[in-house]
Amino acid sequence: MTHALAAAPAARTGQDSVGLLRLYRAELRWIFRRPRTLAVLGLLALIPVIIGVALTLVDPAETSGGGGDGDGALLASAVSNGFILPVAALTMTLGLLLPLASAMAGADAIAGEAAHGTLRGWLVAPVGRGRLLAIKAFGVATVSTIAVLAMTFTGFVTGLVISGTDSMFTLTGSTLSVWDALGRVLLVAAWVVLQLWAVGAVALAISAFTEHPMLVVASVLAGTIVFTILGFLDAVSWLHPFLLNENWTQAPASVLMDPVDTAMLGEGALRAACYIAIGLSIAYARLTTRDG
């Protein structure tokens, strides 16, 4: 009898571990059965290809002057440099489209299920609120990761096809091998993924307070736009270090230089980690007091 009681906690622990993986797989099946999720991921994957094809149709003389903004300068450099294309595509879409994908996933994770009545089943089931939030957070993180990796893959391949393997060089003039360039692009991709995890955590926090998914998406996108506007105002410069998108346009481009500005990347990563911790804490506090 004593041995049976002692073995029970261990058995429950093993069942909980297996159950967590099973719930995660079920969550992924639910996520990727949504047509809008597949549509958004497909469109994001096509963006680098569209940019690359458009650049091949542009007269190099017209882009030699570059653009007045950072995105225009990156695109002008990407005409003859395959290394720049995936970085430019990620930087351009990080301003709005990539956060939109994370916001949609976070909105569907809790608010969407609450609107359809399926969240109540999760809340009354013998599943801890912490495990429930972990499943939802892993699902949102998976969507964000796949979105970035899809853009990275299509962007890098398109750059190789258009410019060839001999066109890999930094903006400071140093030549890179294909593998060195790929390593730098993957570094940017990992950094962008972390930023999207932060956006997803904020979306989950908002999603836990409402049953309207579109309200979550609108709130996240409005917050991104407001943060961008605040970033241009010198009068609130004291607030800039706390804005999630403070260096979204500068940090990815740092890998195009030699040496790479790891301090800027590290600052952005630390800021994103703080947003993740705060967002998930708020979502957990709400879920623990929610009954449906």
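Which helices each supply at least two residues of the lining of the largest pocket? In this predicted model, the helices that do so are H5, spanning residues 84–94, and H10, spanning residues 213–232. The larger contribution comes from H10, which gives the most to this lining, with 4 residues. The pocket itself has a volume of about 400 Å³, and of the 14 residues that line it, those closest to its centre are Thr228, Phe232, Asn245, Trp248 and Thr249. When the lining of the largest pocket is divided by class, 5 residues are nonpolar, 7 are polar and 2 are charged.

The setting of these helices is given by the fold as a whole. The secondary structure of the chain consists of 11 helices and 0 strands, and the pattern read along the sequence is accordingly written α-α-α-α-α-α-α-α-α-α-α. Of the 292 residues in the chain, 43% count as buried. Helix H5 is mostly covered, with 10 of its 11 residues buried, and among these buried residues are Ile84, Leu85, Pro86 and Val87, as well as Thr91 and Thr93.

The second largest pocket contains about 200 Å³ of space. Its lining is made up of Val199, Val202, Ser219, Val220, Gly223, Thr224, Phe227, Leu244, Asn245, Trp248 and Tyr275, and the elements that give two or more residues to it are helix H9, covering residues 178–207, and H10. Here H10 again gives the most, with 5 residues. The lining of the second largest pocket has 7 nonpolar and 4 polar residues but no charged ones. Asn245 and Trp248, which are listed in this lining, also appear among the residues closest to the centre of the largest pocket.

Enclosed space was examined as well. A general principle applies here: rolling a probe the size of a water molecule over the atoms shows where empty space is left. The structure holds 2 cavities of 30 Å³ or more, and about 80 Å³ of space lies in the largest cavity. The residues lining the largest cavity are Ile31, Arg34, Arg36, Thr37, Val40, Leu41, Ala101, Met104, Ala105, Asp108 and Val143, with helix H2 (35–56) and helix H6 (97–116) as the elements that give two or more residues. By class, this lining comprises 7 nonpolar residues, 1 polar residue and 3 charged residues.

The second largest cavity holds about 50 Å³ of space, and H2 and H8 each supply at least two residues of its lining. That lining is formed by Gly52, Leu55, Thr56, Ala78, Val79, Gly82, Leu85, Gly159, Ile162 and Ser163, which divide into 5 nonpolar, 5 polar and no charged residues. Leu85, a member of this lining, is one of the buried residues of H5, whereas Ile162, also a member, belongs to a nonpolar patch on the surface. The patch is formed by Phe153, Val157, Val161 and Ile162, which together have about 380 Å² of accessible area. Within it, valine 161 is placed in helix H8, residues 129–163, and counts as exposed because its relative accessibility is 66%, above the 50% cut-off.

Side chains of opposite charge can pair when their charged atoms come close, and a search of the whole structure finds 4 salt bridges. In one of them, the side chains of glutamate 27 and lysine 136 meet at 3.1 Å, N to O. This pair links distant parts of the chain, with glutamate 27 in helix H1 (residues 2–32) and lysine 136 in helix H8, 109 residues apart, and both residues are buried.

A further salt bridge joins arginine 36 and aspartate 108, whose closest N and O atoms are 2.9 Å apart. Arginine 36 lies in helix H2 and aspartate 108 in helix H6, so the pair ties together parts that are 72 residues apart in sequence. Arginine 36 is partly exposed, at 40% relative accessible area, while aspartate 108 counts as buried at 8%. Both residues of this bridge are also listed in the lining of the largest cavity.

Arginine 271 and glutamate 267 form another salt bridge, with 2.7 Å between the closest N and O atoms. Because these two residues are 4 residues apart in helix H11 (residues 262–287), they are separated by about one helical turn. In this bridge arginine 271 is buried, with a relative accessible area of 7%, whereas glutamate 267 is partly exposed, with 42%.

Technical notes:
Residues are numbered from 1 along each chain as its sequence is written. This is a predicted model: local features need pLDDT of at least 70, side-chain atom pairs count only at pLDDT 80 or more; totals for chains, interfaces and linings use all residues. Side-chain values use heavy atoms; hydrogens and water are left out. On a 1 Å grid over the protein atoms alone, a cavity is a set of points where a 1.4 Å probe fits but cannot get out, and a pocket is an open set with protein on both sides within 12 Å along at least five of seven lines; lining residues have an atom within 4 Å of a point. Grid points are joined across faces, edges and corners, and a volume is the space filled by probe spheres set on the points. Ala, Val, Leu, Ile, Met, Phe, Trp, Tyr, Cys and Pro count as nonpolar, Asp, Glu, Lys and Arg as charged, and the others, Gly among them, as polar. Patches are made of residues with over 30% relative accessible area and no salt bridge: like charges are joined within 9 Å, nonpolar side chains (Val, Leu, Ile, Met, Phe, Trp, Tyr) within 5 Å. Accessible areas come from the Shrake-Rupley method with a 1.4 Å probe; for residues, only the protein chains shown count as cover. Buried means under 20% relative accessible area, exposed over 50%, partly exposed in between (1.4 Å probe, protein chains only).
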